[in-house]
Amino acid sequence: MMALAFDVVLAALLILAALAAVAGRGLFRAVIFFIVYGVLVALAWARLGAVDVALAEAAIGAGLTGVLLLAAHGRLRREGLEADPGAGGQGFAAIGGAGVALALGWAWFALPEPATATRAALDSALPDAGVGNPVTAVLLNFRSFDTLLESIVLLAALVALWMLARDGAWGERLGLPQHARPGGVLASFGRVLPPLGLLFGAFLVWSGADDNGGAFQGGTVLAASLLLAMMAGLYLPPRIGERLWQSALVLGPVVFIACGLVGALVWGGFLVLPPAYAKGVILAIETGLTISIAATLALLVIGPPEQAHNSGGAA
Amino acid sequence: MARAIPKKPRRPLSAACGNSAGMAWGDIASIGFTAVGLVFFVAGTVGLIRFPDVFSRLHALTKADNLGLGFLALGLAFQAPGWTEIAMLAMVWALALVAAGTAAQMVARAALAEGDKDERP
Amino acid sequence: MNGLDILALSASALVGLGIYGLLAARHLLRRVLAFNLVGSGLFLWFGAAGARGGVGVDPIPQALIITGIVVALAASALGVALVVAHARLSGPTLPEEAPCDPEPDNRA
């Protein structure tokens, strides 16, 4: 009864926050409500018992996406482009949205009974996976090809993002310059939190083998720590060509592909992991992947290089 | 890195209620502290909605809500299975305090700058 | 009607809201928001469908959703950068919907 009441309240809050983000007055308010929405979604995942997803959603959906959207709003506002003209074609859009929502609601009740075969197969294969957390096992062993391709998709997104840089800004540092006062609270905060973030990120990766966590969650926490250090002005964002950052970006996919090739040559198939070596190989891949995810996500959120660095205003 | 790690048994959250002897007192303490925490949250939220400007709203949020969070953490500590979890709760509160304090400072500064800007045109 | 049904139905509503925003919003940044709503609503629906076995969410959907969340962030980052670049060149809305020079709305 209490649990049901909790679910009803959570669902109502989710919909209200989403409504405010989509139809609320003012772009800034929409962004803020979208961040609130991210926190609520993370709560919903925790409610479903999917702690790994809840961690990812809290770190990415509420954390990094929030930074990204606020920064975008700031950029638009600096140039007077944030005025929201409101909505248009509302009747058509409302019919479309309601139709999709109704179709999904109908589909939910029309779903066939949940298949238990895949779950049973997963449970029986888990002892050979090398890790105890079934989500990590799926990500880095049973369906590792997906994860490999995804790590490359992230790089592709970053390259596409950099292509949006103006010619004159290409060699500049990434993102807008930050205006943190050297002795201010943000600078102190940027000193206190990143070490803790580093610890927590590494812990998440390590504990992801057998408990909740994993490379994506840990990498996101590391990315957030990096971003904080950059925003606090303690660490200048890199330029596009810097070797150290380039290596960090490709480390994960390279280790991943190398492990896959070893599998192809020695163990009988690309990305095949024999149970005896699975744990070690997965940890190696996860370590590389964490570094790459942290670097890629941080640079994705920082954005393309802007000309405004080291000079006066943006004008 | 390939060293075998002794597998830690996962503690289910439902088993977090401690031993049966101290359970009733622990539960009462939990309910009491959580209720006090909720009062602070309600006060903070009322302040957020009713107060007239950014600074007094910040005042309501940072002070009342962080105290409320502290009481929530204190109440939950009575349900924790061990000292590790209690230390984690304490850390959550401490980090939330630092983050909220920093955020409040920055919002206040931004609001101050905004106020200057609004008066110009 | 149990808790899972409620979450799944609200996830459906979230997707619907996202579609509405995607079609109706004129400012492109708000469309990025709406697009993210569609994505996270679908993830939630998918996760709820994977939780019907009664023993938590199936790990396979969980893994797919985690990668999906990360890719959604990458897509949003690219989308936001496109919005900013488009806004600098020709205003924050699509040209056939609104005049290129945004009216100085007095929201600040």
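This passage describes a predicted model, beginning with chain A and then turning to the contacts between chains and to single elements of chains B and C.

Chain A contains 11 helices and 0 strands. From the N terminus on, its elements therefore read α-α-α-α-α-α-α-α-α-α-α under the assignment of helices and strands used here. The C-alpha trace of chain A spans about 60 × 50 × 35 Å along its principal axes. Of the 315 residues in chain A, 46% are buried. Among the contacts in chain A with a separation of 6 or more, 74% are between residues 24 or more positions apart.

Helix α1 of chain A covers residues 2-23. Its 22 residues should span 32 Å at 1.5 Å a residue, and the end C-alpha atoms are 31 Å apart, which agrees. The buried residues of α1(A) are Asp7(A), Ala11(A), Leu14(A), Ala17(A), Ala18(A), Ala21(A) and Val22(A). Seen down the axis of α1(A), these buried residues fall within an arc of 135°, so they line one face of the helix. On the face turned away from the buried side, α1(A) carries the exposed residues Met2(A), Ala5(A), Val9(A) and Ala12(A). The cover over the buried residues of α1(A) includes elements of two chains: α2 (27-48) of chain A, and α1 (3-24) and α2 (28-50) of chain C.

A second region of chain A involves helix α7 (residues 144-162) and helix α10 (residues 243-267), whose axes come within 10 Å and cross at roughly 155°. That angle makes α7(A) roughly antiparallel to α10(A). The crossing of α7(A) past α10(A) is left-handed. On the side of α7(A), the residues that meet α10(A) are Leu148(A), Ser151(A), Ile152(A) and Leu155(A). Their counterparts in α10(A) are Leu249(A), Gly252(A), Pro253(A), Phe256(A), Ile257(A) and Gly260(A).

Between chains, 2 pairs are in contact, and chains A and C share the most contacts. The contact takes 82 residues from chain A and 72 residues from chain C. On the side of chain C that touches chain A, α1, α2 and α3 (59-90) of chain C each supply at least two residues. The largest share of that side, 24 residues, comes from α3(C). By contrast, no contact joins chain B and chain C, and the closest C-alpha atoms of these chains lie 9 Å apart.

Helix α2(C), one of the elements that cover the buried residues of α1(A), has 23 residues. From its first C-alpha to its last, α2(C) reaches 33 Å, close to the 33 Å expected at 1.5 Å a residue. Of the 23 residues of α2(C), 19 are buried, so the helix is largely enclosed by the rest of the structure.

In chain B, Thr45(B) lies in helix α1, which covers residues 23-50. Thr45(B) has 15 other C-beta atoms within 10 Å. A residue counts as buried at 20 or more such atoms and as exposed at 12 or fewer, so Thr45(B) is partly exposed. Thr45(B) and Gly70(B) are 25 residues apart along the chain, and their C-alpha atoms are separated by 16 Å.

Methods: Residues are numbered from 1 along each chain as its sequence is written. Chains are lettered from A and ligands numbered from 1 in the order in which they are written. This is a predicted model: local features need pLDDT of at least 70, side-chain atom pairs count only at pLDDT 80 or more; totals for chains, interfaces and linings use all residues. Helices (H or I, at least four residues) and strands (E, at least two) are DSSP runs, numbered from the N terminus. Two residues are in contact if their C-beta atoms, placed from the backbone, lie within 7 Å. The expected span of a helix is 1.5 Å times one less than its number of residues. The arc is that of the directions from the helix axis to the C-beta atoms. Axes are lines fitted to C-alpha atoms, for helices over the stretch in contact, and angles run from 0 to 180 degrees between N-to-C directions. Angles under 35 degrees count as roughly parallel, over 145 as roughly antiparallel, 65 to 115 as roughly perpendicular and the rest as oblique. A crossing is left-handed if the near helix is turned anticlockwise from the far one by less than a right angle, and right-handed if clockwise.
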